[in-house]
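The following paragraphs consider the aromatic side chains of a protein and the contacts between their rings. Please keep the structure in view while reading.

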Amino acid sequence: MDKREFRERLAEGTLTRRQVATALASAGVVFMTLPLVTRRARAAGDITYFTWSEYELPELHQAYIDKYGSSPEVSFFGEEEEALQKLRSGFTPDVTHPCTYSVGRWRDAGVLKPIDTSRLKNYEDIWPALKTIEGTVFDGRPYFVPFDWGNSSVLYRTDLVEIEEESWSLLFDKRYAGRLATYDAVDGAVITAALVAGFKNPFSLNDDQLAQVAALMREQRPLLRYYWTDNSAVEQGLASGELVAAYAWNSSVLELKRQGLPVAYMNPKEGILTWVCGLALVTDAPGDEQAAYDFIDAMLEPDAGRYLIEEHGYGHSNRKSFELVRKQRLDELGISSPAALFAQGIFFQAIEPKRREKYVSMFNDVKAGL
């Protein structure tokens, strides 16, 4: 999107957090922190929330507002590595919002402290599979409370594509050359190619496996219309018919369904990719600790989850949230059976830094036609 559209959509509040992050990155800015309101003598409850754009909405923490009279102060970040550097430099909010693959690094950096889940009345209603994700519990103590989750999968036009089984291989199908797209990121293009190649752990490929993935991606490259960096491009491409299938997120499913387009979201045989983000307590936070716990609990309320699902298309960690949403809507989003998705799904994991460098180098070579 151009600068004018970005400013307009930011003012309207219609940008997703990933669109904000992508736009900032394209401008050479990977981090921002903005107060939600003019700074006052600290918000009621005396806490600050450090999060992605669009997670500050009052509908997501109404129970906190009911108790303390207003929302906490909020600062935004657009990318987790830069958020970590901000925390390490001395910025001390009370509650923050990392994703599972960052928790270990943030904890090792000393910016997170353990969470006493007995102080959260809604904790028992969290989907069990989300409580023990690798890299979020250390020495038996959780450093992370799951809040939102979503999927990465293949979104396709049912009127323009014929498939016998749901598989990531659709993005490598020569029948649709020039009408396919995948995410311009290691965590998108490389991981999905590794799944199609048959590797069970795409986050830990050895050199031989990575070479096989590279060969497959070189076959895919001429079939792609483009590698996308803004999911609005996917939505526009599928809506116009320029694309017939693409790597996409749940939010794009919601948007295209709202337009009445005949699209379906896969649960691929190789496994659907699942990301999970959540809430964490910051070490040496200056605010009211009880208010911080109350804020986390408010975010876990079933009605907060209903809003998240219905308005943003993402899953919520509280099982009871799904009881408040029409099954038709859950079916449209591809999240009507969370337990099944978690059982089959592949949770995003941190890639060891040196290994990730190899992934990035290979991906850049493929895009360059090398």
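In this predicted model, Trp127 is buried, because its relative accessible area is 14%, which falls under the 20% limit. The partner of Trp127 is Phe322, and the two rings form an edge-to-face aromatic pair, with 5.6 Å from centre to centre and 80 degrees between the planes. Phe322 also counts as buried, at 9% relative accessibility.

The positions of these two residues show that the pair links distant parts of the chain. Trp127 belongs to the loop between strand 4 (112-113) and helix 6 (128-131), whereas Phe322 belongs to the loop between strand 13 (315-316) and helix 13 (327-333). The two residues are 195 residues apart.

A further aromatic pair is formed by Trp228 and Tyr247; its geometry is tilted, with 6.3 Å centre to centre and 55 degrees between the planes. Trp228 lies in strand 9 (residues 224-228) and Tyr247 in strand 10 (residues 245-249), so this pair ties together parts that are 19 residues apart in sequence. Both Trp228 and Tyr247 are buried.

The structure holds 23 aromatic pairs in total. Ring pairs also join Phe50, Trp52, Phe77, Phe91 and Trp106 into a cluster.

Aromatic rings meet charged groups as well. The charged end of Arg107 sits over the ring of Tyr143, at 5.4 Å from the centre of that ring. Likewise, the charged end of Lys367 is placed over the ring of Phe363, 4.5 Å from its centre.

Note on methods
Residues numbered from 1 in each chain as written. Predicted model: local features only at pLDDT ≥ 70, side-chain atom pairs only at ≥ 80, totals over all residues. Heavy atoms only, no water. Phe/Tyr/Trp six-rings, centres within 6.5 Å; stacked < 30°, edge-to-face > 60°. Helix = DSSP H or I, 4+ residues; strand = E, 2+ residues; numbered from the N terminus. Buried < 20%, exposed > 50% of the residue type's maximum accessible area, 1.4 Å probe, protein only. Lys NZ or Arg CZ within 6 Å of the ring centre and 35° of its normal.
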